[in-house]
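Let's read a structure together, one feature at a time. Have a look at the display first, and then we can talk through it.

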Amino acid sequence: MIVISGIAILIALTLTNGIIWIVTNKSQRNEAYIQAFQNSYMVMKDFDKILEQCDKGSLDNSLLQYYFKTYKTDGNQFDDYNICIRQISSEDSSEQYEEIYNHTVFSVDELMNLDYIGCSGSVEMGYHLMDYGGGQYLIFYMPYENNVRMLRIEDISYVQDYMENLAIVMVILTCIVTAVTILILYIALKHVLRPLQELNDTTRQIADGIYDKRVQIDTKDEIGQLAENFNRMAEAVEARTHSLEESEKRKTLFMGNLTHELKTPMTAISGYAQTLLSIKLSPEDQDDALLYIYEECKRLERLSKKMMKLLELDQDAELNLVEIPVKHLFEAAEKSCQVLLKEKQMTLECTEHGEIFRMDFDLMTDVMINLIDNGIKASNPGGRICLHAHDNCIEVQDFGRGIPFDEQDKILEPFYMIDKSRSRKSGGAGLGLALTALIAKRHHIDIQIQSEEGKGTRFILQFVYNSMNT
């Protein structure tokens, strides 16, 4: 606003000064023309009186030279701005001039070739404006009897110098006035618009997501009322936004995690079902397959209920942890991932020494399945995955692509995928490791990631407490 006002003031001052300069220039030139005409007219009148007193037959060049050499102005100063010439006849009837008196830098031929404009009030007297040597001169011309011609030079360069100095002064004054006016406007507008600026800053911060900001304006005028209503609106928006964010977060986490975690056991169930439909198995193998399908269905039912409980509003609810041998955990995870391992011709190597950890069996089984599934997706066909339990730790090691160092802190975030195209192709949604981190947090487990590109990844689950070894 101040910039626009400054530009408007500058334009107005420039136009005003421009008009003043044009009018002044025209007035100064008119005055200079009038003064030069009066001077020239008086000089030529004096010369005309001398000619009338002289015998026309005795008007020779020496007399004319003497007159102009001794001619003085009213200030008793010699005047060398007069030129006297005589027109002479030539054989080819062309106009030629004899120079009688000329102490100026102008040549007679140059002056007589100019186009003279008739002066107002004078029948024969004419003038011409000429630029010479960076200055301006008015040349007045007057013919007399006996082919005598008189030229008068009037220097009006002072008008040009005066107008240039005036232009410089105007530019300086315009800059000063503009700067002073902008400064005054800035101080005044800053004081007047300070409440609106504060309101604008608060609005921008709220738009950026800082919903707890409020406007501090204590005035009782319309701006104060606006600030009060704005604060009330901001409080309502903040409360509504937080409510929607929490609700949406719970819904997103529940639906995304539940959908993702149902996929792996459903794949195993589908694999066993296809085997029963396409291959004729012995009664014992059929019973084993049906029993596995039944167990997985029951596990899915339990898992769904526990997921619902895990993602309820009370996020701090403790789990019912029981002591489970890690051997049972490895066996359950291996059984669930058997179909996935077989598809990529991979092996699962399990190493344990009778460790027992306090855990929710179904949720920790899901953690192991997620880590094994992540390793399968990152490995080439024919590779291996190692499960190793020692002290208070469980390690899951694969020998696949590895995780870039700058992305190791991000892979536990919901929906984050290192290779999105590969993850989509394999059915991932970037939620498996996020759910793993959430379950680990409920078990008070620290997750450490050791990975090197091209050499594989190791997930280390460190049980902080509630663990025992046998």
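Q: Which residue caps the N-terminal end of helix 9?
A: Some background first. This is a predicted model, in which local features need pLDDT of at least 70, side-chain atom pairs count only at pLDDT 80 or more, and totals for chains, interfaces and linings use all residues. Residues are numbered from 1 along each chain as its sequence is written, and side-chain values use heavy atoms, with hydrogens and water left out. Helices are DSSP runs of H or I with at least four residues, and strands are runs of E with at least two, numbered from the N terminus. Here the cap is D360, with a side-chain oxygen 3.3 Å from the backbone nitrogen of D362.

Q: Why is helix 9 largely enclosed by the rest of the structure?
A: Buried means under 20% relative accessible area, with exposed over 50% and partly exposed in between (1.4 Å probe, protein chains only). In helix 9, 15 of the 18 residues are buried, so the rest of the structure largely encloses this helix. Across the chain of 470 residues, 38% are buried.

Q: At what angle do helix 1 and helix 2 pack?
A: Axes are lines fitted to C-alpha atoms, for helices over the stretch in contact, and angles run from 0 to 180 degrees between N-to-C directions. Helix 1 (residues 2-53) packs on helix 2 (residues 61-70) at about 145°, and their axes are 12 Å apart.

Q: Which residues meet there?
A: Contact means heavy atoms within 4.5 Å. From helix 1 come D46, F47, I50 and L51, and they meet L64, Y67 and F68 of helix 2.

Key: A polar contact is a pair of N or O atoms within 3.5 Å; within protein, one must be able to donate a hydrogen and the other to accept it, and residues adjacent in sequence count only if both atoms are side-chain atoms.
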